[in-house]
Amino acid sequence: MLFWLIFGALAGWIASKIVGKDASMGAVANIVVGIVGSFIGGLIGTKVFNFGKVTGFNLSSLLIAVAGSVILLLIVGAVQKK
């Protein structure tokens with residue numbers, strides 16, 4: 001459980017820096033975005049592109065989680081603009 005919180009916080013924070021939403025997000029939002037982004041990235045990675053999934057605290061899992069988190073933030077940003 002603690003692993004997922006730390007991993008989610010790291011992935012969410014990196015994604016928020018990439019998208020430019022870091023100033024408007026707090027620690028809890030980064031954790032939630034990172035955990036949900038890990039799920040999205042793993043789902044897209046395995047179902048669409050047929051490659052790895054989030055398997056632990058390693059670089060490939062972090063990249064997949066960050067990619068999923070970026071996708072999530074972009075979708076949320078697009079919905080909020082409407």
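Trainee: Does Trp4 count as buried, partly exposed or exposed?

Mentor: This is a predicted model, and the accessibility is computed from it. Buried requires under 20% relative accessible area, and exposed requires over 50%. At 37% relative accessibility, Trp4 counts as partly exposed.

Trainee: And Phe7: buried or exposed?

Mentor: The cut-off for buried is under 20%. The relative accessible area of Phe7 is 0%, so Phe7 is buried.

Trainee: What kind of aromatic pair do Trp4 and Phe7 form?

Mentor: There are five aromatic pairs by the ring rule. In the pair of Trp4 and Phe7, the ring centres are 6.1 Å apart and the planes meet at 85°. Planes over 60 degrees apart count as edge-to-face. The pair of Trp4 and Phe7 is therefore edge-to-face.

Trainee: About how many helical turns separate Trp4 and Phe7?

Mentor: Both residues belong to helix α1, residues 2–19. An α-helix has 3.6 residues a turn, so residues three or four places apart point the same way. Trp4 and Phe7 are three residues apart, so the separation is about one helical turn.

Trainee: Which residues do ring pairs link into a cluster with Phe7?

Mentor: Ring pairs join Phe7 to a cluster. The other members are Phe3, Trp4 and Phe57.

Trainee: How wide an arc do the buried residues of α1 cover around the axis?

Mentor: The buried residues of α1 are Phe7, Gly8, Ala11, Gly12, Ala15 and Ser16. They lie on the same side of α1, because the arc they cover around the axis is only 160°.

Trainee: Which helices are included in what covers the buried residues of α1?

Mentor: The buried residues of α1 include Ala11 and Ala15. Their cover includes two helices, residues 27–47 and residues 59–81. These are α2 and α3.

Trainee: What span should the 23 residues of α3 have at 1.5 Å a residue?

Mentor: The expected span is 1.5 Å times one less than the number of residues. The end C-alpha atoms of α3 are 33 Å apart, which agrees with the expected value. That expected span is 33 Å.

Trainee: Which element gives the largest share of the largest nonpolar core?

Mentor: In soluble globular proteins, nonpolar side chains tend to be buried together. The largest nonpolar core here has 12 residues, among them Phe7, Met25, Ile40 and Leu62. The elements giving two or more residues to this core are α1, α2 and α3. The largest share, six residues, comes from α3.

Definitions and conventions: Residues numbered from 1 in each chain as written. Predicted model: local features only at pLDDT ≥ 70, side-chain atom pairs only at ≥ 80, totals over all residues. Heavy atoms only, no water. Phe/Tyr/Trp six-rings, centres within 6.5 Å; stacked < 30°, edge-to-face > 60°. Helix = DSSP H or I, 4+ residues; strand = E, 2+ residues; numbered from the N terminus. Buried < 20%, exposed > 50% of the residue type's maximum accessible area, 1.4 Å probe, protein only. Arc of directions from axis to C-beta. Contact = heavy atoms within 4.5 Å. Core = buried A, V, L, I, M, F, W, Y, C linked by side-chain atoms within 4.5 Å.
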